[in-house]
Amino acid sequence: MTATTALITGIVTGLSDADKSQIEVGMFYSSEEGKLENGQGTKLTASEISLDNAVSFELSELVPETTYYYCAYVKQGSNYDYGDIKSFTTLNPYDISCD
């Protein structure tokens with residue numbers, strides 16, 4: 001993680017190879033804590049799911065020293081299921097030290 005970038009990862013357990021072809025998996029993120037409950041925030045859809053059922057996204061152009069919230073989702077048809085909401089805070093862009 002840096003002042004303007006971060007890597008977020010989610011794992012969806014219980015997926016079979018057949019499930020992977022019939023569902024959409026991804027993540028939502030936002031700097032507003034309450035936005036993720038109903039599929040609000042920025043939606044990122046995975047183009048592929050790894051063998052261990054993980055999805056990862058590199059976020060960029062984030063605001064320094066800001067807390068972001070994110071969660072994984074699975075969409076089947078028009079129904080969404082959401083994982084736990086996690087958070088991270090981007091770093092200070094300056095390296096300041098005193099002697």
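**Exercise 1. Work out how much of the chain's contact map is long-range, and what the overall fold looks like.**

Step 1: Take the contacts with a separation of 6 or more; residues 24 or more positions apart account for 65% of them in this chain.

Step 2: Keep in mind that this is a predicted model. The mean pLDDT of the chain is 89, with 97% of residues at 70 or more. Confidence bottoms out in helix α1 (residues 17-22), where the mean is 71, and peaks in strand β7 (residues 86-89), at 96.

Step 3: Tally the secondary structure, and you get one helix and seven strands. Reading along the sequence gives β-α-β-β-β-β-β-β.

Step 4: Add the dimensions: the C-alpha trace spans about 60 × 30 × 20 Å along its principal axes. Of the 99 residues, 33% count as buried.

**Exercise 2. Find out how β5 and β6 are arranged, and what sits in the turn.**

Step 1: Look at the pairing of strand β5 (residues 67-76) with strand β6 (residues 79-82): they run antiparallel and are joined by four bridges.

Step 2: Pick out one bridge. Tyr73 has Tyr82 as its bridge partner in β6.

Step 3: Now go to the connection. The two strands make a hairpin with two residues between them, and Gly77 in the turn shows a positive phi of about 65 degrees.

**Exercise 3. Describe the aromatic cluster that involves Tyr82. Which rings belong to it, and how are they oriented?**

Step 1: Start wide: searching the whole structure turns up eight aromatic pairs.

Step 2: Take Phe28 and Tyr82. Their ring centres are 6.1 Å apart and their planes sit at 50 degrees, so call this pair tilted. Phe28 belongs to strand β2 and Tyr82 to strand β6, so the pair ties together parts 54 residues apart in sequence.

Step 3: Check the accessibility of both partners. Phe28 is buried, at 3% relative accessibility, while Tyr82 is partly exposed, at 32%.

Step 4: Move on to Tyr73 and Tyr80. With centres 5.5 Å apart and planes at 55 degrees, this pair is tilted too. Tyr73 is buried at 1% relative accessibility, and Tyr80 is partly exposed at 28%.

Step 5: Put it together: ring pairs link Phe28, Tyr73, Tyr80 and Tyr82 into a cluster.

**Exercise 4. Trace the surroundings of Thr45, then do likewise for Ser30.**

Step 1: Place Thr45 in strand β3 (residues 42-45). Its relative accessibility is 41%, which makes it partly exposed.

Step 2: List what Thr45 touches beyond four places in sequence: Glu24, Val25, Gly26, Phe57 and Tyr73. For Glu24, the C-alpha atoms are 7.1 Å apart even though the two residues are 21 apart in sequence.

Step 3: Look for a side-chain link. Thr45 and Tyr73 share a polar contact of 3.0 Å between their side chains. That ties Thr45 to a ring from the cluster in Exercise 3.

Step 4: Switch to Ser30, in strand β2 (residues 24-30). Ser30 is buried, at 9% relative accessibility.

Step 5: Ser30's side chain reaches the backbone nitrogen of Glu32 at 2.9 Å. Beyond four places in sequence, Ser30 contacts Lys35, Leu36, Gly41, Tyr68 and Tyr69.

**Exercise 5. What does the side chain of Asn92 reach, and which residues does Asn92 contact?**

Step 1: Locate Asn92 in the segment after β7. At a relative accessible area of 37%, Asn92 is partly exposed.

Step 2: Follow the side chain of Asn92, which reaches the backbone nitrogen of Tyr94 at 2.7 Å.

Step 3: Set aside neighbours within four places in sequence, and Asn92 is in contact with Ala3 and Glu65. As for Val63, it lies 29 residues from Asn92 in sequence and 9.6 Å away in space, C-alpha to C-alpha.

**Exercise 6. How many disulfides are there, and are Cys71 and Cys98 buried or exposed?**

Step 1: Apply the cut-off: a disulfide needs two cysteine sulfur atoms within 2.5 Å. The count by this rule is zero.

Step 2: Compare the accessibilities with the limits, under 20% for buried and over 50% for exposed. Cys71, at 1%, is therefore buried, whereas Cys98, at 73%, is exposed.

Definitions and conventions. Residues numbered from 1 in each chain as written. Predicted model: local features only at pLDDT ≥ 70, side-chain atom pairs only at ≥ 80, totals over all residues. Heavy atoms only, no water. Buried < 20%, exposed > 50% of the residue type's maximum accessible area, 1.4 Å probe, protein only. Contact = heavy atoms within 4.5 Å. Polar contact = N/O pair within 3.5 Å; in protein donor to acceptor, adjacent residues only side chain to side chain. Pairing = 2+ DSSP bridges. Phe/Tyr/Trp six-rings, centres within 6.5 Å; stacked < 30°, edge-to-face > 60°. pLDDT = per-residue confidence, 0-100.
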